[in-house]
Amino acid sequence: MENSQEISVPRQLRVAEVHEGDAYDLMEKLPSESVDLIITSPPYWGLRTYGLSHNEEILQEWLAEGGTKEQGPSYDWYRMHGGCLGMEPLPEWYVSNLAEFFQRGAAALKPGGSLWVNIGDTYFARWSSIRLDGRQGLGDNPRMRRKTPMGGFRQEKQLLLIPARFAIAMQENRWILRNDVIWEKRNVPPRPEKDRLRLAHEHFFHFVKRPKEGRAKYYYDMSAVEDGARDVVSVNVAPGSDGHSATFPVKLIEPRILSSCPPDGLVLDPFCGTGRALSVAVQNGRRAIGFEITSHFSASAQKNISGRREVNDEGSDSSVVGQDEGALF
């Protein structure tokens, strides 16, 4: 974990750094208005622990302190009581925690900067299946079962609309939503369900800071986006990296980096995993900094950015999927 001092950011082009620790702490230590682009894919709700421990009694502890299911605790309370981001007992808590996370990074983002957040949806199941590591697919990977309280929109087989709930929470925090890019994942594998279509897309939200007055102004290079400049992009899911299943495909994030970060700018990935976004940023002449709470992923990210190897999407396995949909419903 970092100490209390401010984090110094890379000043030299094509240089990336990785800091191990909770992004909730680290983002607040960045110099004010130092980051041009925040681009990330946070842990999704109710899918994996990524090897981190989680307090399964945390809801009962919150209720015992006089809290309610509907009004969740702050993220700081949550983590101090053993909570893990993405493992919240209720999806409402997850949305609140995620919005609080990015609010912590707002001061570090330049007035003309951008925030891109990739997030997928999931189906509700009273008894959900949680993967214990970062592996993907429908095989015999280690799992745990946990009970999630029903009520309100939390109903069996319900698509939870978590991306939409998150985007609205961000708007309520004064962020301006500029695009909801739909990532079409052409190589999703067959699913066993017989009463619904396969979930074959994720959302990539583009937020900018709301100015004190007037309309939002920010860096954007339209010439760097995909042909057609449409808000639906078709990119195959990339294979996992170093045991991490949620690896950014280069073809998905490269246009975001080129269009939303100036050539000499600084890219931040607060949930950097094995460092794919950092590597793509450096490969394209930007500076980069990443935060990662899991030690073995942090070590992999450091190794990957130090190697300066070119990253691409070649060799993608058409049988893999980047994030699971949750239980079989």
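Which residues are buried in H4? In this predicted model, the buried residues of H4 are Pro91, Trp93, Tyr94, Val95, Asn97, Leu98, Ala99, Phe101 and Phe102. The legends below start with the whole chain and then turn to single elements and residues.

**Figure 1. The protein chain contains eight helices and ten strands.** The chain has 329 residues, and 55% of them count as buried. About 14,800 Å² of the protein chain is exposed, with carbon and sulfur atoms supplying 48% of that area. Among contacts with a separation of 6 or more, 77% are between residues 24 or more positions apart.

**Figure 2. Eight strands form an open sheet with mixed pairing.** The strand order is S1-S10-S9-S2-S3-S7-S6-S8. Strand S1 (16–20) and strand S8 (232–234) are the edge strands, each pairing on one side only. From one strand to the next, the twist averages 20°. S6 and S8 run parallel and are joined by three bridges. In this pairing, Glu184 has Ser234 in S8 as its bridge partner. H4 packs on the sheet, where it touches strand S2 (35–40), S3 and S6. The direction of H4 makes about 150° with that of S3. Helix H6 (residues 250–260) also packs on the sheet, touching S2, S3, S6, S7, S8 and strand S9 (266–269). The direction of H6 makes about 165° with that of S2.

**Figure 3. Strand S7 (residues 201–209) is mostly covered.** Seven of the nine residues in S7 are buried. Strand S3 (residues 109–119) runs antiparallel to S7, and six bridges join the two. Trp116 stands opposite His206 in S7. Strand S6 (residues 175–184) pairs with S7 over nine bridges, again in the antiparallel sense. Here Asp180 stands opposite Phe205 in S7. Strands of a sheet pair through backbone hydrogen bonds, in either a parallel or an antiparallel sense.

**Figure 4. Helix H4 (residues 91–104) agrees with its expected span.** Its 14 residues should span 20 Å at 1.5 Å a residue, and the C-alpha atoms at its ends are 20 Å apart, so the two values agree. The buried residues of H4 include Trp93, Tyr94, Leu98, Phe101 and Phe102. Asn97 is also buried in this helix. An α-helix has 3.6 residues a turn, so residues three or four places apart point the same way.

**Figure 5. The largest nonpolar core has 51 residues.** Leu30, Phe166, Phe207 and Phe291 touch the most other members of this core. H4 provides the largest share, seven residues. Beyond its neighbours within four places in sequence, Phe207 is in contact with Ser114, Leu115, Val117, Phe166, Ala167, Met170, Trp175, Ile176 and Leu177. A second, separate core has 28 residues, among them Leu252, Val267, Leu278 and Val280. In soluble globular proteins, nonpolar side chains tend to be buried together.

**Figure 6. Leu59 lies in helix H2 (residues 58–64).** Leu59 counts as buried because its relative accessibility is 6%, which is under the 20% cut-off. Apart from neighbours within four places in sequence, Leu59 is in contact with Lys69, Pro89, Trp93 and Pro149. Leu59 and Pro89 are 30 residues apart in sequence, while their C-alpha atoms are 6.5 Å apart in space. Trp93, another of these contacts, is one of the buried residues of H4.

**Figure 7. Ser279 lies in helix H7 (residues 276–283).** Its relative accessibility is 10%, so Ser279 counts as buried. With neighbours within four places in sequence left aside, Ser279 is in contact with Asn304, Ile305 and Val311.

**Figure 8. Glu33 and Leu161 each have a positive phi.** Neither Glu33 nor Leu161 is a glycine. Glu33 has a phi of about 50° and is found in the loop between helix H1 (23–26) and S2. Glu33 counts as partly exposed because its relative accessibility is 42%. The phi of Leu161 is about 60°, and its place is in the loop between strand S5 (143–147) and helix H5 (162–172). At 45% relative accessibility, Leu161 counts as partly exposed.

Methods:
Residues are numbered from 1 along each chain as its sequence is written. This is a predicted model: local features need pLDDT of at least 70, side-chain atom pairs count only at pLDDT 80 or more; totals for chains, interfaces and linings use all residues. Side-chain values use heavy atoms; hydrogens and water are left out. Helices (H or I, at least four residues) and strands (E, at least two) are DSSP runs, numbered from the N terminus. Buried means under 20% relative accessible area, exposed over 50%, partly exposed in between (1.4 Å probe, protein chains only). Contact means heavy atoms within 4.5 Å. Two strands pair if DSSP finds at least two bridges between them. Accessible areas come from the Shrake-Rupley method with a 1.4 Å probe; for residues, only the protein chains shown count as cover. The expected span of a helix is 1.5 Å times one less than its number of residues. Axes are lines fitted to C-alpha atoms, for helices over the stretch in contact, and angles run from 0 to 180 degrees between N-to-C directions. A nonpolar core is a set of buried Ala, Val, Leu, Ile, Met, Phe, Trp, Tyr and Cys residues joined through side-chain atoms within 4.5 Å.
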